[in-house]
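Hi,

Here is the structure I said I would pass on. Have a look at it first, and then read my notes below.

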Amino acid sequence: MTPSRKSKYYAPEIETMDREELENLQLQRLKWQVRRCYEGSDFYRERFDKINLKPDDIKSLDDVVHIPPVSKEELREEQMNYPPFGRYAIAPQQNWEELHPSTGTTGVPVNTVWSRRDVENITQWTARVMWSFGVRPGDIVQNGFAYGLWVAGLSVHYAAKAIGCFVLPIGASMTDRHIDYFVNPGATVLIATPSFAFYISERMKERGISPDDIPLRIGSFGGEGGTEAPSTRKRIESRLGIDAYDIFGLAEIGPTCAAECEAKAGLHFVEDHLLIETINPQTMKRCEPGEVGVMVMTHLTKEATPMLRYWTNDLARLTTEKCACGRTHVRCAGGILGRADDLIIYKGENFYPSQVEKVVKSFGELGDEFRIRLTTDEKTGMDVVTVVAEYTTAAANTDEFKSKLRQAFRDELLVTPGLELVKPDTLERAMFKAKRVEDKREKSG
Ligand SMILES: [Zn+2]
């Protein structure tokens, strides 16, 4: 049932649950999930038997560390050996409702199935996170996420309906139509990737429509990084005249399973459905509080393709400190910090594409698009990193500005990449997810 629009929470009893009670609930659900995976899935049983682990050995939440993490590569291999779903698809097939493969940006897509109950849970948790950033019954929600196989288009659609919103299911295309609907019927909420939101805002400016002319008040952006960076957020907020919130999900675990609340104090995860750990990828040990590590996620309620300790490759710093909003569920401050495999190593320093974005977006003289080009120096055989960005005013294409920009990169990355400033509109725009890193290095061996 939809709460009253004045209610601060969509599901108060769950969202503000005392942590001890929440952890008890998680443990009860974890035991259920581990047992059904062991008994119903040859894939999991083989992994347990190999190290002589039994469901009864999981007595506390901490005992989950005994279960070996599962990588995307292993899921892919399992699905190739046992097509098309692998032996971890364990709910009875008559209860299956939807298929949502991963996007395949890093290889063959991995098939994920939602059962009827999974669809209900995903709808409820997405409604909860949308409510947390201010969506209410009567809002006009313009869904700019891609519809179809991609996970988040439908989750936002179902959730907006569950809240009692009027949904405009446009998807990640028809930029001008998005702008038309901002004006009339007057969308109040936009959900999209940050890349697409920037693209829409550029087009809006070209058409001479000011943010003051439209009733849009909330935007939530995910599917790729960006919104969590203060400079990107500020830019998107002023261009569209909104409050912008980060939202996060992943195909194997579920869409829209975390979002910022109105306090904008990091992504809150739906911890009654997911057990979340961070692991130091070097030592493979659990992270200490405040330490950055790879998120490893376990499904507590998922029926159809449950994951026990899925290695997400996403880096985060978790905190269970109570948020100003009163919610008790775990947050990752500063959003997702990058992908463990996106790390760029240059002249002995390590950095992530998100740090480059932070610098680019902090300069008004630069446009929204940029690329990080990796090449090989012909003479030395060493890697060369070049940031390609668009200037917005000719004044930016001066030595003085470039040296200011170089200094800003040096402060953020501890190393200075090469710089190439190009004319506005040179780089291709993305309606879905932007591909920022171009690896043109000569592969050795
Ligand atoms: Zn909060």
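What follows is a quick tour, from the overall picture down to a few individual residues.

Before anything else, keep in mind that this is a predicted model.

**Overall picture**

The protein has 445 residues and a radius of gyration of 22 Å, which agrees with the value near 22 Å for a compact globule of that length. If you want a box for it, the C-alpha trace spans about 65 × 60 × 40 Å along the principal axes. The secondary structure comes to 11 helices and 21 strands. Buried residues account for 46% of the protein. Among contacts with a separation of 6 or more, 67% link residues that are 24 or more positions apart.

**Two domains**

The protein splits into domain 1 (7-339) and domain 2 (343-439). Their C-alpha centres are 29 Å apart. Where they touch, domain 1 puts in 18 residues and domain 2 puts in 14 residues. On the domain 1 side, the elements giving two or more residues are α8 and α9, and α8 gives the most, with 4 residues.

**Around α9**

Helix α9 covers residues 230-240, and its buried residues are T232, R233, R235, I236 and L240. Looking down the helix axis, you will find these within an arc of 165°, so they line one face of α9. And what sits over them? The cover includes α8 (194-206), β6 (218-221), β7 (243-250) and α10 (353-361). Just after the helix, G241 has a positive phi of about 65°.

Two of those covering elements are also partners: β6 and β7 pair in the parallel sense, over 4 bridges. In that pairing F221 stands opposite D246 in β7. β7 itself is largely enclosed by the rest of the structure, because 7 of its 8 residues are buried.

**An antiparallel sheet**

There is also an open sheet of 4 strands, paired antiparallel in the order β10-β11-β12-β15. Its edges are β10 (274-279) and β15 (338-339); each has a single partner strand, so one side of each is left without a neighbour in the sheet. Further in, β11 (residues 293-299) and β12 (residues 310-316) run antiparallel and are joined by 4 bridges. If you want a pair to click on there, V294 stands opposite L315 in β12.

**Nonpolar cores**

As a reminder, nonpolar side chains tend to be buried together in soluble globular proteins. Here the largest nonpolar core has 95 residues, and those with the most contacts inside it are M130, V135, I163, A197, L274 and M297. Helix α6 (residues 151-163) gives the most to this core, with 7 residues. Which residues does I163 touch, leaving aside those up to four places away in sequence? They are T2, A127, M130, W131, V135 and P137. Apart from this core lies another, of 17 residues, including F351, V360, V385 and V387.

If you only have a few minutes, I would start with α9 and the elements that cover its buried residues, including α8 and α10, then go on to I163 and its contacts, among them M130 and V135.

Cheers

Terms used
Residues numbered from 1 in each chain as written. Predicted model: local features only at pLDDT ≥ 70, side-chain atom pairs only at ≥ 80, totals over all residues. Rg over C-alpha atoms; globule rule 2.2 N^0.38 Å. Buried ≥ 20, exposed ≤ 12 C-beta atoms within 10 Å, placed from the backbone. Contact = placed C-beta atoms within 7 Å. Pairing = 2+ DSSP bridges. Arc of directions from axis to C-beta. Core = buried A, V, L, I, M, F, W, Y, C linked by C-beta atoms within 7 Å. Domains from an automatic or database assignment.
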